[in-house]
Amino acid sequence: MDINIYGAGITGLTVAHELINKGYNVNIYEKDDIIGGMARSTRTKLNVPSEHSWRGYGPFYKNLYEILKQIPIDDLCSINKDLIEDFKNSKVYSISEISKHNTLNDGWVYLYGIVYDITEFIKMHPGGSVIEKSLGKDLEEVWEETGVSWHKNNKLVNEYLSKYKIGITEDFKETFSKIESNKNKNYSVFDNLNLEKLSFENGLLNNKKSKKGISYYNIPYLYYLFGKVALSNNRLNHYFEERLEPFLKKNVSTQTYNYIANFLSGPGYGFDKNTISLGHYGYFIELNYYENFKLWSVMNKPTNEAWFDYWKIYLENKGVKFYLNHEVHKINYDNTKITNIEIKNKNNLIKINNGLHIICINPFIYQKILEKSNINNKLTKTIEQYKKINIINNQISFRLGFNKNIKLKKNNAYVLIDSPYNITFYPYEKHWCKNVDLGLNNQLKSLWSGTLILTYNNGSLTNKSATSLNKDELLEEIKYQFMESEDLLNLIKKYNDGYILKKEDFIYGEIFEDWEYINNRLISKNPKFVDNFISEKYKPDNITKFDNLYIGGSHTKTSVRIWSMEGAVESGKIVANKILSKHNKELCNHYIHKSSNYLKIFKCIDDVLYQFNLPHLIDFLIYLLIIYIIFKITRKYIIKKNI
């Protein structure tokens, strides 16, 4: 049977991945000349890597990681393969174990995954007692912090260190173990995720001095607020319709509000702070809680070069046929099935008649297709459903480049937390393989990829919103907001031997290609969907009223509930299993995100309370406690009075 997939984003590729292995003939039609959808990376005319928004890979992305591990690649950069034999039998130490050896009589350090016992060398150190700052720590990070990063390539330093080598770190072992196990076959793309995780905590930057983080006295309220989401089941739908922002504005300090709304919700997790629901945010925290709030990863190359290009080769070798520059124009149907789907290819119109049809395209674009296809108003109800979930999120992606290697703290991403556009960014070159070409004929030594989160605010320079500026004006506004950040300028000064960043240091700037300046506004050709307080109950099912039409995408109903790459992969697996089940074939592996059994007990209790229109379990317990306290005080008073 033919499987016709429309859209070569993560969902469409996942459906193809699962069904090609089950004996189906799979065709993928994509409107662009490149696969990857909104997660794709491209290169500009100057060969600079660019993307819709930089990708963070969460610890709970179970379905995505399961797919990644199956895609063979032929190149790794995270370790020198020649070192495998040298370290195969080395003793392995955890970072926590190394950190305990932090005294003058017992001093260990590690550098690039190799562990050294430098106890003997401490007193001989030519630089004196400054070496004590490194004990139990990552030498590279300490060298950057203390302004002696020239140590990295110094021959004498390397000779000294080589005498004290005692083993390797767990991450180092994990990396070359993967290489060793794949010696006679291709490697896994999962190795293209940077093992050194991305941290935001030390990257929160202010324009002026102010406190960062959650105020301690707000912690009980936050436990109460998000605990109600975690302990809800039937009541959860109500929280998906409640906006989070008013709760924060009313009940927490400015410091806590800035941390949760201006950092975690937007730059940290990609939500829109003004429309995100309490339910989505609380559930997102629950998913991270199950993973012990582990840090996120990024790829060590541009997304297509690290992942999608290899995936396309893998699928083509399996028999999947790709038709790029083929855009869905219209859907034709009768009462029960799709008769054909019209595809535009340059100036030609092609009709796809046979097989199953799977729509895996941007919901905003799909809505327009439905409107063109709405003969005799038969699709009106579906169109209205999409109108309710299609609230555009105008976050804008950009790149800034420098002809100088701007050193920053290792493994950090950064948020200009009080910049008008709430800018978030991370430096590519600190996380990518050394051999990745940053473009501009090798003139770029540092390349920052960022996102404007609050594009509707007025900028500091122009006093206009980001979407009301043309691309050149917007880049000038972005640079100005970077130069306003006192914390950022001090950080650059600290890690670059007193160097002061100047406006002329920005030698390259670019807004992602999706954005066009039309009628005095920046408009995206592929608008970004984001979860909000309206969307959850209107998210479409994967099965439609037509027997041969399925819908996939992170905007559909999934167990992860969050618009994300994990949601995109899970949706693809759900669609694949619907088809496999229909044909009585073995299902593909699908990880279902669900609450722990411990929480389920409390959810069931709250369901009973909800059924009888009683307050939430947490509120109910608080009321009982208050009643009990009042009873005890009253009883004590009565007894005392009678005496």
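A residue is called buried when its relative accessible area is under 20%, exposed when that value is over 50%, and partly exposed in between (1.4 Å probe, protein chains only). Helices (H or I, at least four residues) and strands (E, at least two) are DSSP runs numbered from the N terminus.

The model is predicted, and local features need pLDDT of at least 70, side-chain atom pairs count only at pLDDT 80 or more, while totals for chains, interfaces and linings use all residues. Residues are numbered from 1 along each chain as its sequence is written, and side-chain values use heavy atoms, with hydrogens and water left out.

**Strand 8 and its hairpins**

In strand 8 (residues 106-111), 5 of the 6 residues are buried, so this strand is largely enclosed by the rest of the structure. Two strands count as paired if DSSP finds at least two bridges between them. The pairings of strand 8 are joined in the table by that of strand 17 with strand 25.

| Strand pair | Sense | Bridges | Facing residues |
|---|---|---|---|
| Strand 7 (residues 102-103) and strand 8 | antiparallel | 2 bridges | N102 opposite G107 |
| Strand 8 and strand 9 (residues 114-117) | antiparallel | 4 bridges | L111 with I114 |
| Strand 17 (residues 356-359) and strand 25 | parallel | 3 bridges | H357 opposite L549 |

Strand 7 is joined to strand 8 by a hairpin through 2 residues. The hairpin of strand 8 and strand 9 also has 2 residues between the strands, and there Y112 takes a positive phi near 50°.

**The open sheet and helix 18**

Five strands, in the order 13-2-1-17-25, form an open sheet with parallel pairing. Its edges are strand 13 (321-324) and strand 25 (549-551), each of which pairs on one side only. From one strand to the next, the twist averages 20°. Angles run from 0 to 180 degrees between N-to-C directions, and axes are lines fitted to C-alpha atoms, for helices over the stretch in contact.

Helix 18 (residues 565-582) packs on this sheet and touches strand 1 (2-6), strand 17 and strand 25; its direction makes about 150° with that of strand 25. Contact here means heavy atoms within 4.5 Å. M565 lies in helix 18 and is buried, with a relative accessible area of 6%. Leaving aside residues up to four places away in sequence, M565 touches I10, R55, G56, Y57, Y61, L64 and W307. The C-alpha atoms of M565 and I10 are separated by 7.2 Å, although these positions lie 555 residues apart in chain numbering.

**Helix 14**

Helix 14 (residues 363-373) is mostly covered, with 8 of its 11 residues buried. The buried residues are P363, F364, I365, Y366, Q367, I369, L370 and S373. Their cover includes strand 14 (327-333), strand 17, helix 15 (380-389) and strand 25. At the start of helix 14, a side-chain oxygen of N362 comes within 2.8 Å of the backbone nitrogen of F364.

**Helix 8 against helix 20**

Helix 8 (residues 219-230) packs on helix 20 (residues 617-642) at an angle of about 125°, and their axes are 9 Å apart. The two helices are therefore oblique to each other; angles under 35 degrees count as roughly parallel, over 145 as roughly antiparallel, 65 to 115 as roughly perpendicular and the rest as oblique. Y224, G227 and K228 of helix 8 meet I618, D619 and I622 of helix 20.

Technical notes
A polar contact is a pair of N or O atoms within 3.5 Å; within protein, one must be able to donate a hydrogen and the other to accept it, and residues adjacent in sequence count only if both atoms are side-chain atoms.
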